[in-house]
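Here are my notes on this structure, set out as numbered points. Please read them with the structure open beside you.

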Amino acid sequence: MITRKVTRKWEKLPGKNTFCCDGRVMMGRQKGVFYLTLFLIVGTCSLFFAFECPYLAVHLSPAIPVFAVLLFVFVMAMLLRTSFSDPGVLPRALPEEANFIEMEIEAANGNVMAGQRPPPRIKNVQINNQIVKLKYCYTCKIFRPPRASHCSICDNCVDRFDHHCPWVGNCVGKRNYRYFYLFTLSLSLLTIYIFAFNIVHVVLREYRNIFEHVVSLTPHCTVLEVLVCFFTLWSVVGLTGFHTYLISLNQTTNEDIKGSWSGKNRVQNPYSHKSIIKNCCEVLCSPTYPSVLDRRGVMLEDLSSPTPSDASAASTHQSSNPVSQTTKSSAPLIPNEHTPDEAKPGIGSGTQKSTSSPKEEKPPSPTSPNAVAPAVIKESSH
Amino acid sequence: MATEFHNLQELRHSASLANKVFIQRDYTDGTVCKFQTKFPSELDSRIERTLFEDTVKMLNNYYAEAEKIGGQSYIEGCLACLTVYLVFLCIETRYDKVLKKISRYIQEQNEKVYAPRGLLITDPIERGMRVIEISVYEDRGSSGSSSGSSTTSSSGR
């Protein structure tokens, strides 16, 4: 019997994410700025604990460093939770689902004359008595759910997409938005705390020195910390304020930037409960959503699997190249319009229908052309 | 019960996949997880409309229960925040518990209702909670002792 390392699903996931710890950790592609964030927070706090805290603990109160430690631990936990968790990535459509949607679209569009660009793929749905347009994602081959958006850096559709934060090294979406908010909030508090006690420290030292006629140079560390905190303060506190505003209106950064719900003739935000408290509760106190990616699931290799949808798949070709688990980069091939069907890797449960009909019509351009009036698939609501 | 379970196994080995039907999400109430109860025409000859609608409505109820924002979700959220989310190493979130219930329910529905009719439901979580995938099987033409479940709709309950 050949002993083979188990292939886990994260190794075959499309998209440009980085995975660590055998799929337990999921991050975006570019991590440089994240390391800078870590360095700034840990560095500044280390200086604070090393140089300020002994003095303040003795001359003011030992509770000061204790509270600083608690705050620091909270900030780091929120940062790591935001950075390492799945933001709410929507898995790409498997071939059958993609075909089904294509057939639906073709049926709605009717016959497109040769040479004419096909109409843009939009679905209208009614949410809380407002019409919302759902766009088709050509990369993921799905109609994006409301509030979802495709992140070009991570090459994934993310549910309730807020933004891609380089400081955190990950997208901010439905699953990690509250951790991101708590991170910015607690970091604001930590920055204000360190800044304030640096000032207190300087004042106390100079005050004592005046009485004792001793000339002392304020330690360089204090100056450094004050500088870092000063610049951090403006940006982080501002960001926290901005996100508090968004939460109270139940909007995402993405919607705010695009102006989805502002302007006279536009739709009002259908997701808002018209009450600040209810909006805050929904965003911050809603249940923890599960990840639908199943990163650590084992790739199915035989027919006797319990999953019904894999019945007809002989996915032996899935296990032909076990990716080394020390590989930090994501799954190799990202299917796009130009990838032939056979070459596309299995997504999720690794179903590859061997008799799938590659009848997908690839649209020439994903942008919505103005020449043809958009054919809209109207969804009747129930 | 044993006969139906036997049918589920036989389904995979003796029947071939003919078609897949996808039940889409219903977004009229917002972004909560809810599926359309509209009966797809491809299943017209395979299963009774009421059985199908009951299954989808039950699933919708489960998802609504999982996503309910109320007392329990507040307590869970506050406790998690205070323990810096380490509490989830010990206890399961409410959503995960309901997902397990859903998975058991789908398994039971497959065994009792859908497999005898040559259909199989895939748990929506395996499709990113986007669709309910229903696989339609046709008998391979073997007239043996295998279930022949795909062609009979009268043997259903």
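**Notes on chains A and B**

1. UniProt, in an unreviewed entry, lists residues 21-133 of chain B as "domain: Golgin subfamily A member 7/ERF4". The model discussed here is a predicted one. Within it, the C-alpha atoms at the two ends of residues 21-133 of chain B are 6 Å apart. Helix makes up 45% of that span and strand 8%.

2. Next, chain B as a whole. Its secondary structure consists of four helices and three strands. Read from the N terminus, the order of the elements in chain B is α-β-α-α-α-β-β. Chain B has 157 residues, and 52% of them count as buried.

3. In chain A, begin with strand 4 (residues 122-127) and strand 5 (residues 130-137). These two strands pair in the antiparallel sense, over six bridges. One of the paired residues is A:Ile127, whose bridge partner in strand 5 of chain A is A:Gln130. The hairpin of strand 4 and strand 5 of chain A has two residues between the strands, and A:Asn128 takes a positive phi near 45° in this hairpin.

4. Strand 5 of chain A also pairs with strand 6 (residues 142-143) of chain A, in the antiparallel sense and over two bridges. Here A:Tyr136 stands opposite A:Phe143 of strand 6. Four residues lie between the strands in the hairpin of strand 5 and strand 6 of chain A, where A:Lys141 has a positive phi near 60°.

5. Chain A also has an open sheet of three strands, in the order 3-8-7 and with antiparallel pairing. Which strands are at the edges of this sheet? They are strand 3 (89-90) and strand 7 (149-151) of chain A, each of which pairs on one side only. Strand 3 of chain A is joined to strand 8 (residues 156-158) of chain A by two bridges, in the antiparallel sense. Across this pairing, A:Val89 faces A:Val158 of strand 8.

6. Two residues in loops of chain A deserve a look for their backbone angles. A:Cys21 is not a glycine, yet has a positive phi of about 50°. A:Cys21 sits in the loop between strand 1 (18-20) and strand 2 (25-27) of chain A. A:Asp294, also not a glycine, has a positive phi of about 50°. The loop that holds A:Asp294 runs between helix 7 (276-285) and strand 11 (376-378) of chain A. A:Asp294 counts as partly exposed because its relative accessibility is 39%, which falls between the limits of 20% for buried and 50% for exposed.

7. Is A:Asn170, in strand 10 of chain A, buried or exposed? A:Asn170 is buried, because its relative accessible area is 0%. The side chain of A:Asn170 reaches the backbone oxygen of A:Ser85 at 2.9 Å.

8. The last point concerns the surface of chain A. A:Val33, A:Leu36, A:Phe39, A:Leu40 and A:Trp167 make a nonpolar surface patch of about 470 Å². A:Trp167 belongs to the loop between strand 9 (163-165) and strand 10 (170-172) of chain A. With a relative accessible area of 45%, A:Trp167 is partly exposed. Why can A:Trp167 count towards a patch? A residue in a patch must have over 30% relative accessible area, and the 45% of A:Trp167 meets that condition.

Technical notes: Residues are numbered from 1 along each chain as its sequence is written. Chains are lettered from A and ligands numbered from 1 in the order in which they are written. This is a predicted model: local features need pLDDT of at least 70, side-chain atom pairs count only at pLDDT 80 or more; totals for chains, interfaces and linings use all residues. Side-chain values use heavy atoms; hydrogens and water are left out. Patches are made of residues with over 30% relative accessible area and no salt bridge: like charges are joined within 9 Å, nonpolar side chains (Val, Leu, Ile, Met, Phe, Trp, Tyr) within 5 Å. Accessible areas come from the Shrake-Rupley method with a 1.4 Å probe; for residues, only the protein chains shown count as cover. A salt bridge is a side-chain nitrogen of Lys or Arg within 4 Å of a carboxyl oxygen of Asp or Glu. Buried means under 20% relative accessible area, exposed over 50%, partly exposed in between (1.4 Å probe, protein chains only). UniProt positions are given in the numbering used here, feature names are shortened, and annotations may be inferred rather than shown by experiment. Two strands pair if DSSP finds at least two bridges between them. A polar contact is a pair of N or O atoms within 3.5 Å; within protein, one must be able to donate a hydrogen and the other to accept it, and residues adjacent in sequence count only if both atoms are side-chain atoms.
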